[in-house]
Amino acid sequence: MSHVLATYARFPVNLVRGEGTRVFDDAGGSYLDFCSGIAVTSLGHCPPVLVEAIRRQAGELIHCSNLYGIPLQEELAGLIVDELVRIPGKVFFANSGAESNDGLIKAARRFGHARPAAVGSPRYEVLSFSRSFHGRTLGGINATGQDKVKEGFDPLLPGFRHLPFNDAAALAAAIRPETAAVLLEPVQGEGGVNVATAEFLAAVREVCREHDLLLLLDEVQAGFGRCGDPMAWREIVADLEPDGISWAKGMGGGFPIGAFWLSDRAVDDSGTALSSLMGPGSHGTTYGGSPLACAASLAVLREFRDGGWEDNVRARAAQVRELVADWEHPLVREVRGLGLLIGIGLDTARMAVPEGRLPSIHLSSELLAKGLLAPPAGPETLRLLPPLNVSEAEVDEALAIVRAVLDDLKAEN
Ligand SMILES: *Cc1c(COP(=O)(O)O)cnc(C)c1O
């Protein structure tokens, strides 16, 4: 009998060791890992640069309070702002994606106080989109555009509204006096791997400018190289100029760390920086940005920058698309996504699935039985999230397994 709270319906395998793109279970089984802990182990399992950085820092200083200076935070924030975001701003370090989004939501409310509605009352509403996912905290589930995460947790918080994704006209029509911010994933991960169109992102930018709203990007899953460019939005629209961005998942290669960035841009005529609205006492965390977490993230982000992995992401993504297109498989509707955040849309009507089981979950179980970890994204999409340094041979091997399992799942008719 398990003593672990049963919030997850787990696949029947116990993972105990990992090396590169492979993980091993407690019964001697080995798997190719195209789940990567859900886009977390971005350089594979136990990459020597990360293991070494953690070992070294663990013997130096693991934790100290944010009441004191932490030079590694300055180093990591400098790398993120100057080399990756490349728009002046400031970073807050957290421990997870949901927490980072809560930080952005708080920043939106501060902004709504600094820039109130015409009648003088603070603005507070955050607009987000259908099928989005923003985490499991109270702030996160209220921002999330999926009913299933909210079931039984009402009353919901005021100040959130959801609009259809990739629908610029609906957004333009939805702005009210209390609206303060728009929050979106450039590529929706959990919601089925849906890429924001360039037209939509450009329209979001214009609506935000016109109505003085913050443009907030949740890059928790898509960011830091998963989509190619370290900033997923730049793969879609180069000159978006967001006001805030959140990250987590791949940021520490498996070591828990998240962050949000706020732009230094002026929010009023006297030059008040947006980032300055979150001053002393406005936010905090005990663990966030510990020396150990920062050392891990620095090792991961530097390796991504210096290792040529951005090119690998593009090449392996193209390889997946070519292979799947060549199959012309009856169960494959389309391949969606950006870089190595890939969704294979399934024609579930033509799939043999046991009663009461979601098609994508059934497919993931069958892949597991054949030695491949790959998670679902909603009921009709298989997600492929290999490490960013996955090899050409590993992609060939994984896709051969996907194809064989899809062949087995073709409904007889
Ligand atoms: C996973 C995810 C989150 C939540 O991150 P946690 O670290 O699980 O809190 C938020 N937003 C997006 C887009 C995610 O994929």
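What follows is a short back-and-forth on why certain features of this predicted model carry the labels they do.

User: Let's start with the sheet. What makes β1 and β15 edge strands?

Analyst: The sheet is open, has four strands in the order β1-β2-β3-β15, and its pairing is mixed. β1 (15-19) and β15 (372-373) each have a single partner strand, so one side of each is left without a neighbour in the sheet.

User: And how do you know that β3 and β15 pair?

Analyst: Two strands pair if there are at least two bridges between them. Two bridges join β3 (residues 30-33) to β15, so that requirement is met, and the two strands run parallel. Within β15, L372 is the residue that stands opposite L32.

User: On to the rings. Why is the pair F165 and F200 called edge-to-face?

Analyst: A pair of aromatic rings is described by the distance of the centres and the angle of the planes. For F165 and F200 the centres are 5.7 Å apart, which falls within the 6.5 Å limit, and the planes are at 70°, which is over 60, so the pair is edge-to-face. By this rule the count comes to five aromatic pairs.

User: What makes that pair a tie between separate parts of the chain?

Analyst: F165 lies in the loop between β6 (160-163) and α6 (168-174), while F200 lies in helix α7 (residues 198-211), so the pair ties together parts that are 35 residues apart in sequence. Ring pairs also link F129, F165 and F200 into a cluster.

User: Are F165 and F200 buried or exposed, and how do you know?

Analyst: Buried means under 20% relative accessible area. F165 has 13%, so it is buried, and F200 has 1%, so that residue counts as buried too.

User: Why is the pair F224 and W247 called stacked?

Analyst: The ring centres of F224 and W247 are 4.8 Å apart and the planes are at 20°, which is under 30 degrees, so the pair is stacked. F224 lies in the loop between β10 (214-218) and β11 (244-247) and W247 in strand β11, so this pair ties together parts that are 23 residues apart in sequence. F224 has a relative accessible area of 5% and W247 has 0%, so with the cut-off at 20% F224 and W247 are buried.

User: How do you know that the charged end of R17 sits over the ring of F24?

Analyst: The charged end of R17 is 4.2 Å from the centre of the F24 ring. The distance part of the rule asks for within 6 Å, and the charged end of R17 is listed as sitting over that ring.

User: Now the charges. What makes R205 and D239 a salt bridge?

Analyst: The closest N and O atoms of R205 and D239 are 3.0 Å apart, and the limit is 4 Å, so the pair qualifies. By this rule the count comes to 22 salt bridges. R205 sits in helix α7 and D239 in the loop between β10 and β11, so to speak distant parts of the chain, 34 residues apart.

User: Why is R205 called buried and D239 partly exposed?

Analyst: R205 has 13% relative accessibility, under the 20% cut-off, so it counts as buried. D239 has 48%, which lies between 20% and 50%, so D239 counts as partly exposed.

User: How do you know that D347 and R333 form a salt bridge?

Analyst: Their closest N and O atoms are 3.6 Å apart, and that is within 4 Å, so the rule is met. D347 lies in the loop between β14 (341-346) and α10 (359-369) and R333 in strand β13 (residues 332-338), so the pair ties together parts that are 14 residues apart in sequence. D347 counts as buried at 13%, whereas R333 is exposed at 56%, a value over 50%.

User: Last one, the ligand. What makes D218 a polar contact of the ligand?

Analyst: A polar side-chain atom of D218 lies 2.8 Å from a nitrogen atom of the ligand, and the limit is 3.5 Å, so the contact counts. The residues around the ligand include D218, F133 and K249. A polar backbone atom of F133 is 3.2 Å from a ligand nitrogen, and an N or O atom in the side chain of K249 is 2.7 Å from a ligand oxygen.

How values were computed:
Residues are numbered from 1 along each chain as its sequence is written. This is a predicted model: local features need pLDDT of at least 70, side-chain atom pairs count only at pLDDT 80 or more; totals for chains, interfaces and linings use all residues. Side-chain values use heavy atoms; hydrogens and water are left out. Rings of Phe, Tyr and Trp (its six-membered ring) pair if their centres lie within 6.5 Å; planes under 30 degrees apart count as stacked, over 60 as edge-to-face and the rest as tilted. Buried means under 20% relative accessible area, exposed over 50%, partly exposed in between (1.4 Å probe, protein chains only). A charge sits over a ring if NZ of Lys or CZ of Arg is within 6 Å of the ring centre and within 35 degrees of the ring normal. A salt bridge is a side-chain nitrogen of Lys or Arg within 4 Å of a carboxyl oxygen of Asp or Glu. A residue is near a molecule or strand if one of its heavy atoms lies within 4 Å of it. A polar contact is a pair of N or O atoms within 3.5 Å; within protein, one must be able to donate a hydrogen and the other to accept it, and residues adjacent in sequence count only if both atoms are side-chain atoms.
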